Structures are given as C-alpha cells and as structure tokens.
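The exercises below are meant to be worked through slowly, with the structure open beside the text. Try each task on your own before you read its solution.

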Amino acid sequence: MRFSVNVPNFGDFSDARNVAALAVAAEEAGWDALFLWDHVVHRKDSPRPVGDPWMLLTAAALATTRIGLGTLVTPVPRRRPHQLARQVATLDRISGGRVVFAAGLGGPVEDEYGSFGEPTDEVLLAERLDEGLGLLESYWTGEPVTHHGRHFHAEDVALLPPPVQRPRPPVWIAGFWPHRRPMRRAARWDGAVPLFESAGHGSAPPVDELRDLVAYVRRHRPGDRRDAPFEVVVGGISPGQDAAAARDVVGPLRDAGATWWDERLPLRDPRLSHLGTVLRRAEQGPPRL
C-alpha cells in the first residue's frame with residue numbers, strides 16, 4: 001500500500017512556498033505522493049485565496065525528487081483539453097515523470113461552472129469528461145491529433161514535448177459510490193478515487209462498501225486491461241504515531257482492495273487549509289502497517 005497527503009489549493013496552500021515546504025516534509029517523512037485539489041473558487045459564498053494547482057505543484061516538483069504529484073481531482077469538463085494536456089505534460093517533465101492525473105466532474109457545479117457561464121447539466125458534463133479524457137490521451141502521445149467531437153475539436157496538431165511517462169501519466173477517475181457510472185468509467189483507466197455517500201470527505205469508508213466497489217470495478221475492467229495494475233484510493237485521518245491504531249483503521253481497507261491511503265482532513269474541519277496542522281501530521285510519516 002502507498003500513502004499520500006491531500007490538501008486543498010486554497011487558504012495557506014494557495015501559496016506555492018507553503019506547498020513546496022509541505023512537499024519537502026512529506027518526501028523526507030516517507031510519504032509517496034502529495035495531492036492538491038483543483039478549484040477556482042470552491043464555494044463563492046466563502047471567499048478565500050485560491051492558487052492554480054499546476055503552478056503550486058510545479059513549486060513542489062522543483063523542491064523534491066521522489067514523491068508523486070497530482071490533483072484529486074481535476075474537473076476536465078471545465079478545462080480546454082489542449083491546455084490541460086500541456087500543463088500535465090510540462091509538470092511531468094519538470095518532475096521527471098512523477099505526475100498522477102486524477103479526473104472527475106468537480107464541484108460545486110453551480111459555483112465552479114455556473115458562476116462563469118459554463119454548463120451545469122451533469123449529463124452534458126459527463127460527456128465532456130469522457131471526450132476530454134480521450135483527447136488528453138491522444139495529445140499525450142505527441143503525435144498529430146485530428147478530432148471532431150461533440151464538444152472539442154482539433155485539426156492535425158501535435159503537442160510537443162510529450163510527458164516523460166509512456167504511454168502517458170496514470171489516469172485515476174473520481175466518483176461517488178454507490179453510483180455505478182463513474183466506477184465503470186474508472187474501470188477503463190488506471191485507478192478509482194471514490195468518495196462514499198455513507199462517509200464524508202476525511203472519513204474512512206465502510207469496509208464492506210469498499211469491497212463491493214472493488215469487485216464491481218474488477219467485473220467491468222476491459223478484457224485487454226484486466227491484468228494491468230489498478231489503483232484504489234481511499235482516505236481519511238489515520239493515527240500518526242500509533243502503529244496498532246493505524247492498522248485498525250487502514251489495515252482492513254487494504255485487505256478489502258485499497259492500494260492507496262490518502263491522508264485528508266474532513267471538509268468542514270477548520271484546520272483543513274492550515275499549513276501548520278497538515279505539516280505536523282506529514283512530519284510524523286505515513287501509517288505504519
């Protein structure tokens with residue numbers, strides 16, 4: 001099992017120097033990755049400093065040498081795929097091939113889409129997500145791309161240089177369980193980042209629900225990908241220095257099929273975006289199983 005630290009891209013973490021400091025501490029303490037949220041306002045009725053995640057992660061990449069870097073998650077439907085492909089490829093090259101790309105619809109939809117005149121219909125956004133993911137994969141080949149889809153177009157254009165990772169950075173897909181469609185989408189890619197309706201952000205999911213999700217994804221893996229590695233990312237708060245307690249929290253989830261533990265505070269925790277709180281936890285190192 002691998003372990004990551006998860007923080008929003010607002011509050012203290014809107015400052016690239018703080019993100020770089022956290023990345024260094026996480027790397028030195030033995031964590032495997034640092035993941036940021038990807039919001040433009042999050043909730044517009046609570047204005048706060050927000051930083052662009054790809055610029056923040058660039059600072060982290062330049063300050064570290066080992067840990068993985070990425071977003072949990074990037075809302076592909078509100079981005080232009082060619083610009084996003086360029087950002088991800090650039091970060092992958094700066095970091096020496098350490099990027100993980102996680103995608104989903106994002107939200108809150110009215111705040112993050114509607115506020116800027118973007119569509120808010122989730123069926124349409126799901127279409128844009130699927131088409132955008134396919135186009136990103138094509139752009140990352142570095143080969144000329146021609147695409148005439150319902151939502152996006154490209155005419156004989158190659159985006160160079162491509163990412164370091166070949167054939168592309170790993171792609172993880174987010175969604176709420178027990179909704180099936182996002183997990184069927186995830187099954188076509190490299191990993192699933194589920195949130196559970198029975199457990200809020202920052203709370204470990206019920207083991208039986210995770211086991212059901214893992215079985216569902218396995219059933220829907222395409223035949224040519226059935227034996228390829230597949231990541232399942234869950235998270236919450238783990239005891240930092242109590243190995244026995246950490247095993248009680250994380251161990252059953254690992255046994256149920258989780259491959260990553262993502263250390264994250266609850267959404268409503270006032271310390272969520274405070275550097276000091278997260279830094280102290282990161283310095284304690286990942287759960288010891």
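**Exercise 1. Unusual backbone angles**

In which strand does Asp156 lie? Locate this residue in the predicted model, and then examine its backbone and its surroundings, doing the same afterwards for His42.

*Solution.* Step one is to place the residue: Asp156 belongs to strand S6. Step two is to look at its backbone, where phi is positive, at about 50°, although the residue is not a glycine. To see why such a value deserves a note, recall that most residues other than glycine have a negative phi. Step three concerns the surroundings: the relative accessible area of Asp156 is 55%, and because the cut-off for exposed is over 50%, Asp156 counts as exposed.

Now turn to His42, which is found in the loop between S2 and H2. His42 also is not a glycine and has a positive phi, of about 65°. Its relative accessible area is 8%, and since buried means under 20%, His42 is classed as buried.

**Exercise 2. Two cis peptide bonds**

Which residue is joined to Pro167 by a cis peptide bond, and where does Pro167 lie? Then carry out the search for Pro178 as well.

*Solution.* The cis bond links Arg166 to Pro167, with omega at about 5°, and Pro167 sits in the loop between strand S6 (153–157) and S7. For Pro178, the peptide bond that comes from Trp177 is cis, with omega near 20°, and the residue is placed in the loop between S7 and H6. As background, most peptide bonds are trans.

**Exercise 3. From strand pairs to a barrel**

How do strands S1 and S10 pair, and over how many bridges? Begin with this pair, and go on until you can describe the sheet to which the strands belong.

*Solution.* Strand S1 (residues 2–7) and S10 are paired in the parallel sense, with four bridges, and one bridge joins Val5 to Glu263 in S10. On strand S9 (residues 231–236), S10 again finds a parallel partner, over four bridges, and there Gly235 stands opposite Asp262. A further parallel pair is formed by S3 (residues 68–75) and S4 (residues 99–104), which share five bridges.

Following the strands in turn, one finds a closed barrel of eight strands with parallel pairing, in the order S1-S2-S3-S4-S7-S8-S9-S10. Neighbouring strands of this sheet are turned against each other by 30° on average, direction ignored. One connection can be traced in detail, for S9, helix H8 (residues 243–255) and S10 make up a right-handed β-α-β unit.

Finally, consider the two faces of S10 (residues 260–263), remembering that in a regular strand the side chains alternate between the two faces of the sheet. On one side are Trp260 and Asp262, on the other Trp261 and Glu263, and all of these are buried, so that both faces are covered.

**Exercise 4. The two sides of helix H2**

Which residues of H2 are buried, and which exposed residues does the opposite face carry?

*Solution.* The buried residues are Pro53, Trp54, Leu56, Leu57, Ala60 and Ala61. Seen down the axis of H2, they fall within an arc of 155°, so they line one face of the helix. Residues three or four places apart in an α-helix point the same way, because there are 3.6 residues a turn. The face turned away from the buried side carries the exposed residues Met55 and Leu62. The buried residues pack against H1, S2, S3, H3 and S4, and at the N-terminal end the helix is capped by Asp52, one of whose side-chain oxygens lies 3.0 Å from the backbone nitrogen of Trp54.

**Exercise 5. A buried glutamate**

Is Glu112 buried or exposed, and which backbone nitrogen does its side chain reach at 3.1 Å?

*Solution.* Glu112, which is part of helix H4 (residues 109–112), has a relative accessible area of 2% and is therefore buried. Its side chain reaches the backbone nitrogen of Val40 at 3.1 Å, while the backbone nitrogen of Val41 lies 2.8 Å from a polar atom of that side chain. Leaving aside neighbours within four places in sequence, the residues in contact with Glu112 include Asp38, His42, Arg78 and Gly107.

Note on methods
Residues numbered from 1 in each chain as written. Predicted model: local features only at pLDDT ≥ 70, side-chain atom pairs only at ≥ 80, totals over all residues. Heavy atoms only, no water. Buried < 20%, exposed > 50% of the residue type's maximum accessible area, 1.4 Å probe, protein only. Polar contact = N/O pair within 3.5 Å; in protein donor to acceptor, adjacent residues only side chain to side chain. Contact = heavy atoms within 4.5 Å. Pairing = 2+ DSSP bridges. Right-handed = clockwise from strand over helix to strand, strands pointing away. Axes fitted to C-alpha atoms, helices over the stretch in contact; angles between N-to-C directions. Arc of directions from axis to C-beta.
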